[in-house]
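Visitor: Could you walk me through this structure, one question at a time?

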Amino acid sequence: MGMCLSMGEIFRNVRKEVGFTQEQIAKNIGVDRSLIAKFEKGERNIGITALERACELFGCSMNVLRGKEEFVPMK
């Protein structure tokens, strides 16, 4: 499509695809739910450690969140 998504938008798309709520991700990576909401809207950034934890939960690499790789859900 040629559309360039922000890391937050990619994060939201992957999170929804794997079926996590913002609350569940926030608890699992040790941040506040409001931070997840703001990150997904592009209003805040999330620390690298939290992003790495999220990638583990999503079953993807950081390159997916960076928009460099396609997200392929694990079955």
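Guide: What follows is a short set of questions with reasoned answers.

This is a predicted model, in which local features need pLDDT of at least 70, side-chain atom pairs count only at pLDDT 80 or more, and totals for chains, interfaces and linings use all residues. Residues are numbered from 1 along each chain as its sequence is written, and side-chain values use heavy atoms, with hydrogens and water left out.

Visitor: Which helix gives the largest share of the largest nonpolar core?
Guide: A nonpolar core is a set of buried Ala, Val, Leu, Ile, Met, Phe, Trp, Tyr and Cys residues joined through side-chain atoms within 4.5 Å, where buried means under 20% relative accessible area, exposed over 50% and partly exposed in between, with a 1.4 Å probe and protein chains only. The largest such core has 20 residues, and its largest share, 5 residues, comes from α4.

Visitor: Which residue forms a salt bridge with Arg15?
Guide: A salt bridge is a side-chain nitrogen of Lys or Arg within 4 Å of a carboxyl oxygen of Asp or Glu. Arg15 is buried, at 7% relative accessible area, and the N to O distance in its salt bridge is 2.6 Å. The partner, 25 residues apart from Arg15, is Glu40.

Visitor: Is Lys27 buried or exposed?
Guide: Lys27 forms a salt bridge with Glu23, with the closest N and O atoms 3.9 Å apart, and Glu23 is partly exposed at 37% relative accessible area. Because the relative accessibility of Lys27 is 65%, this residue counts as exposed.

Definitions and conventions: Helix = DSSP H or I, 4+ residues; strand = E, 2+ residues; numbered from the N terminus.
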